[in-house]
Structures are given as structure tokens and as C-alpha cells.
Amino acid sequence: MDPCRTWGAMALLCLLVPGGHPGPCRVSIYPEEPTVEFGSSLLLNCTSSCRNYSRLNWEVSTTKMGMQGPGWVSLSIPNVTSWSLELQCFGIFGQQRNIAKTTLHAYRFSPPQIYLEGDTVAGKEARVTCNASAQVSPHDPPNLHLTLWGGGLPPSTHRGPSVGLSFTAQLEQHGQEVMCEAVLQLGRRTVNASAVVTLWVWAAPHDVQVWAPQTTFTTGDNLTVMCRAEGNPPPQLHWEMPTNTSWELWDGGTTITIPAAQRVHDGTYRCLAENHYGAGAASIDLVFRGSFRSPLIPVVVTLAVVTVLAVVAVSWWLYRTQGWKLMPS
């Protein structure tokens, strides 16, 4: 009976020679290049391409635990405490002995962490750094690569435990994400992890604006002056106004109202915006034009005065030239 027909899935591991007969029996270890985090557990499997073996087992320098079945035997290591461990599995097929070997490599890997050095303030120099750590052996340097990107920054890749980027912070970067990926190369296997941080860009007060619906007024007008400023955190607003000015604040200090304005309200109104990162200011001038009265009154008074003066002048001329005398009263 052909063993390659009767062994089910294990028959796929048979090496055929011309004529359809099984070739030399082999043993194989899976995974071929075992890697595991230091201190964790590992399960390996050794399989035989044929079942006509008299023995199939592991040879390792550690306590063996595992199970076995037709054509396979497993090896369980509950706590890997060696950075490098030679593993060997053998199968005896009559007079033939076939051996499979591999080396277990342990590693330590700490996921990356992103740091922003101090406050990130718009218009000022800032730096973001990503750190990660790995260990593959007390004597061998790890093949570790870090890549930092995002937040409108150019990507930067560095081999080693740290990568950093210096940049001039911009307001549009506020709320954007910066990412870092760490890749540890372990033979043909890679272990990777990533981290994300959101940029929080602080800003001194800017774009301070002061305006009013009217900049000239007369007695009794209702005045309104408003101020607006950008910044992060939102700036506090303070007002500097003409001496002896009476006023009311509205909308958290952004608006000043002056009911029934008087001459004393004439002058410069200055808005000062402040937060922890700086200050900014803007101002506006309000001009008083005098009390409200009809524009016809000055005209009538002027005409009356001119008329009286004209009558007096004519009477005086007639008296001197024509001998007119004033009528007795």
C-alpha cells in the first residue's frame, strides 16, 4: 500500500521520486524562525513527511512540555528566559535519522511614545520626538526603525530608539495628528507598533479688531463699541476709555454700551486682549459734535442781525445827507 495515499494531509509533505514512490522521509519545524517576546510562552510543532518512523521527538536544553499525534510532536515553552535557544527535532526511519534545526530568538519591545517638548506656540520653534526601545540580545543592537509623520510635517525615518522633528508651529496645525511607527526586524519577521498624538497649538492674541456703528455722536446718542480677538486660549478683554466715562459691558466684555452719551464720552476707546502667551490691542476714536439743535436757528438769527444793522446804516445816511430828522416821540 502506498503510504502517500493513506496518510491524508500528511501525504502532502512526502517527497516523490520518479515512479510515484515516497522519497527520503523528512522532519520540519514550524515556525521555521521562531521569535517570541522575552518571558512569554511559545508553541512549536515538528512534523514528519512519513509515518513509518520509530521515533519522533525534540532535543532541547530546556524542560520539554508538549503533545504528540500521528506524524507530529509539539513543544511548549511556558516561559522563554533565554535570548537565543537552539532547537532540534529528529525522526528515526529504520536506519535513517533525519534532523531539523532552528534557533529561537527572544526580544523585548516597548511601543513608541510621542513627546512634545514644552508648549507648542504658533510662530515659535517646536520639537516633537518619538521614542521606542527594543532588545534582542544583551550584546546585539536591535534592528529598529522609527518613522514620524503627520501634522503637516515632513516624514522622518531613523534607525535607532529615537526620531525627532523641529518645526515652526502654525495655527493650521492645531488639532492635527502626528503619528509614529516603530518596526523591529527579527530575521524574516517584523514586529511593529504605533502611537498617535494630537497637536495642540497655543497662540497669543491676534487679529484684534475694534469697531462701532458710528464714530461721531451728539448729546443723547446711544453709543456701542465692540471688540473681537483671536487666540488660544481665548484672550481676556480689557478696555481703556476716556476719563469719567460711564459705560456698561455686554457679551462677556466684548461690547460696551453708553446710553445717552455726553461730551465726556468723546475720546479713544482701546481694547486690550491678553492670554498666557501674549497680548494685542486695537483702538477707535469717538468724536463729539456738540448738542443737538435745528440748523435753521443760526440762519434766522444771522438774518435778523444783518437786517437791523442795515436799517440803522440807511437811517444814519439819510440823516446826514438829506437832513432827515428823527420824528419826535
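## Strands 24 and 25

Strand 24 (residues 267–275) runs antiparallel to strand 25 (residues 278–288), and nine bridges link the pair. Here a strand is a DSSP run of E at least two residues long, numbered from the N terminus, and two strands count as paired if DSSP finds at least two bridges between them. Want a landmark? Look at Ala273, whose bridge partner in strand 25 is Gly280.

This is a predicted model, so to speak of local features takes a pLDDT of at least 70, side-chain atom pairs count only at pLDDT 80 or more, and totals for chains, interfaces and linings use all residues. Residues are numbered from 1 along each chain as its sequence is written, and side-chain values use heavy atoms, with hydrogens and water left out.

## The sheet around them

Strands 24 and 25 sit in an open sheet of four strands, ordered 19-25-24-21, with mixed pairing. Strand 19 (216–217) and strand 21 (236–240) are the edges, each pairing on one side only.

## Two hairpins

Now for strand 16 (residues 177–186) and strand 17 (residues 189–198): these pair in the antiparallel sense through 10 bridges. Along the way, Val183 faces Asn192 of strand 17. The two strands make a hairpin with two residues between them, and Gly187 in the turn has a positive phi of about 65 degrees.

Strand 13 (residues 143–150) and strand 14 (residues 153–159) are antiparallel too, with five bridges. Leu146 has His158 in strand 14 as its bridge partner. This pair also forms a hairpin with two residues in between, and its turn holds Gly151, with a positive phi of about 65 degrees.
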